[in-house]
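Here's a walk through one protein chain, written for someone who would rather be at the bench. Have a look at the sequence and the model first, then read on.

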Amino acid sequence: MRIRDRVKELRRVRAGDLAPHPKNWRTHSRFQRDVLRGLLNEVGMAGALLARELPDGSLQLVDGHLRAETTPSMIVPVLVLDLDDAEAEKVLLTHDPLASLAGVDETRLGALLGAVETESKAVDEMLAKLAREIESDEALPAPADVEITPSYQVVVEVDGEAQQREVYERMRAAGFRCRVLTL
């Protein structure tokens, strides 16, 4: 497999000069914005934004919209990518979801949670939530070996509650075990 390097260059650009991608589908809660501000305050900018160069020479964001919105007057690192419209949309669609597919090494995560300190209330809340999530995962019992016997069912869609009642009563009268389900 041949993998192309799509990074043309690293530029330092004023964040407010980066055009947001018109198809950016990610939204950012106030909490996420507060966490980002806390991390920027404590650590600084620790990653490059991703952008592509448009025909007029301007840069259009592909990843890093929240960082750009949060620091509009700051000069930020930007990896300029050689992507066409379709490729930019593919990266825009898959970049964050791909990262979310990663697994968790609970031992290492626990050690990091115990070692990292923060002065930001929002960052502290995020880390506490992360700790609660791994604790609740650990609290789940191991799945038991259970034999599931087959169950054969029929779902009948009807036009309304009256017809639902009629079909239910008819099926019960015919000796079938029935349940009423309304979605």
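## Starting from Leu50

Leu50 counts as buried, at 11% relative accessibility. Here, buried means under 20% relative accessible area, exposed means over 50%, and partly exposed covers what falls in between, worked out with a 1.4 Å probe on protein chains only. Before going further: this is a predicted model, where local features need pLDDT of at least 70 and side-chain atom pairs count only at pLDDT 80 or more, while totals for chains, interfaces and linings use all residues. Residues are numbered from 1 along each chain as its sequence is written, and side-chain values use heavy atoms, with hydrogens and water left out.

So where does Leu50 sit? It lies in strand β2, and its bridge partner in β4 is Leu79. Strands and helices are DSSP runs numbered from the N terminus: E with at least two residues for strands, H or I with at least four for helices. Far along the chain there's Ala111, 61 residues from Leu50 in sequence and 31 Å away in space, C-alpha to C-alpha.

## The sheet around it

β2 belongs to an open sheet of four strands, ordered β1-β4-β2-β3, with mixed pairing. At the edges are β1 (7-14) and β3, each pairing on one side only. Neighbouring strands in this sheet are turned by 40 degrees against each other on average, ignoring direction; the axes behind that angle are lines fitted to C-alpha atoms (for helices, over the stretch in contact), and angles run from 0 to 180 degrees between N-to-C directions. Two strands count as paired if DSSP finds at least two bridges between them.

Take the pairs one by one. β1 and β4 (residues 75-81) run antiparallel over seven bridges. Along that seam, Glu9 stands opposite Val80, and Arg11 stands opposite Val78. β2 and β4 pair in the parallel sense over four bridges. β2 (residues 49-53) is also joined to β3 by four bridges, this time antiparallel, with Arg52 opposite Gln60. β2 and β3 make a hairpin with five residues between them, and Gly57 in the turn has a positive phi of about 90 degrees.

How covered are these strands? β4 is largely enclosed by the rest of the structure, because five of its seven residues are buried. β3 is mostly covered too, with five of its five residues buried.

## Two helices and two exposed residues

α1 (residues 30-42) has 13 residues and reaches 18 Å from its first C-alpha to its last, close to the 18 Å expected. The expected span is 1.5 Å times one less than the number of residues. Val35, Leu36, Gly38 and Leu40 are buried in α1. After α1 comes Gly44, with a positive phi near 100 degrees.

α6 (residues 161-173) also has 13 residues and an 18 Å reach, close to the 18 Å expected. Gly175 follows α6, with a positive phi near 100 degrees.

Now for the outside. Arg2, in the segment before β1, is exposed, with a relative accessible area of 71%. Arg2 and Gly38 are 36 residues apart in sequence and 40 Å apart in space, C-alpha to C-alpha. Gln153, in the loop between α5 and α6, counts as exposed at 56% relative accessibility. The C-alpha atoms of Gln153 and Cys178 are separated by 9.4 Å, with their positions 25 residues apart along the chain.

## The pockets

On a 1 Å grid over the protein atoms alone, a pocket is an open set of points where a 1.4 Å probe fits, with protein on both sides within 12 Å along at least five of seven lines; lining residues have an atom within 4 Å of a point. Grid points are joined across faces, edges and corners, and a volume is the space filled by probe spheres set on the points.

| Pocket | Volume | Lining |
|---|---|---|
| Largest | about 990 Å³ | 22 residues |
| Second largest | about 840 Å³ | 25 residues |

Nearest the centre of the largest pocket are Val154, Val155, Val156, Cys178 and Arg179. Its lining divides into 13 nonpolar, five polar and four charged residues. Nonpolar here covers Ala, Val, Leu, Ile, Met, Phe, Trp, Tyr, Cys and Pro; charged covers Asp, Glu, Lys and Arg; the others, Gly among them, are polar.

In the second largest pocket, Gln32, Leu36, Leu66, Arg67 and Asp96 lie nearest the centre. Which element gives the most to the lining of the second largest pocket? α1 does, with five residues.
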